[in-house]
Amino acid sequence: NTILMGGFGPQLHARGYPINADVYALIGVSRFATITSASLDSSDPDEPDVSLDSTVHLSDWTTSVTLGGEVNWTIDGDRQGFLLGITVGLEYRRHGTTRYLNKDSIDEIDGRATFTPFETRADFWLLRIGLRGGTW
């Protein structure tokens, strides 16, 4: 399953050192898709796998709203030319009613696959934790 989201909206930034924060709101669209692919594993670890085919079984677009924020903490900014920090963010993503597949949506009848999509709200919380580094 794949979720693709795009949106636009305002962002407020509170600058500080070593901690700064952002809050934001987005309005946009989301695509929920269930995709199956097949590939052949290469027997040579230096060679890539060979992709055979890919099929989209279900794809649904819906409107979306995101409310979120993050805190960035600079751990080590004293070294000449190097920056290390941690980012922690939390988002609430609200979507309209959408159709999607999960393992209970797929059944086999007379040797053929059948799909019974779920149709529900697909809202969720997203916790992001990251390590960032860079030079200047």
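Which residue of strand 10 does F82 stand opposite? The close-up views below take up this pairing and then some other spots in what is a predicted model.

**View 1. The whole protein chain, as a starting point.** Welcome to a protein chain with 0 helices and 10 strands. Read from the N terminus, its elements run β-β-β-β-β-β-β-β-β-β. The protein chain has 136 residues, and 24% of them are buried. About 9700 Å² is exposed, with carbon and sulfur atoms supplying 57% of that area. Sequence distance is worth keeping in mind as you look around: among contacts between residues at least 6 apart in sequence, 62% join residues at least 24 apart.

**View 2. Strand 5 beside strand 10.** Here is the answer to the opening question: F82 stands opposite T135 in strand 10. Strand 5 covers residues 82-95, and 12 bridges join it to strand 10. The two strands run antiparallel. Now turn to strand 10 itself, residues 124-135. How many of its 12 residues are buried? The number is 0, so strand 10 lies largely in the open.

**View 3. A nonpolar patch on the surface.** Five names to find here are I19, V71, W73, I75 and L131, which together make a nonpolar surface patch of about 490 Å². Which strand gives the patch its largest share? That is strand 4, residues 50-76, with 3 residues.

**View 4. I75, a member of the patch.** Let us zoom in on I75, which lies in strand 4 and helps to make the nonpolar patch. Its relative accessibility is 40%, and because buried means under 20% and exposed means over 50%, I75 counts as partly exposed.

**View 5. P18 and its partners from farther along the sequence.** Where is P18 found? Look in the loop between strand 2 (11-14) and strand 3 (19-40). P18 has a relative accessible area of 31% and is partly exposed. Leaving aside neighbours within four places in sequence, P18 is in contact with N72, W73 and T74. One of these contacts, W73, is also a patch residue from View 3. As for N72, 54 residues separate it from P18 in sequence, while in space the two are 8.1 Å apart, C-alpha to C-alpha.

Conventions: Residues are numbered from 1 along each chain as its sequence is written. This is a predicted model: local features need pLDDT of at least 70, side-chain atom pairs count only at pLDDT 80 or more; totals for chains, interfaces and linings use all residues. Side-chain values use heavy atoms; hydrogens and water are left out. Patches are made of residues with over 30% relative accessible area and no salt bridge: like charges are joined within 9 Å, nonpolar side chains (Val, Leu, Ile, Met, Phe, Trp, Tyr) within 5 Å. Accessible areas come from the Shrake-Rupley method with a 1.4 Å probe; for residues, only the protein chains shown count as cover. A salt bridge is a side-chain nitrogen of Lys or Arg within 4 Å of a carboxyl oxygen of Asp or Glu. Helices (H or I, at least four residues) and strands (E, at least two) are DSSP runs, numbered from the N terminus. Buried means under 20% relative accessible area, exposed over 50%, partly exposed in between (1.4 Å probe, protein chains only). Two strands pair if DSSP finds at least two bridges between them. Contact means heavy atoms within 4.5 Å.
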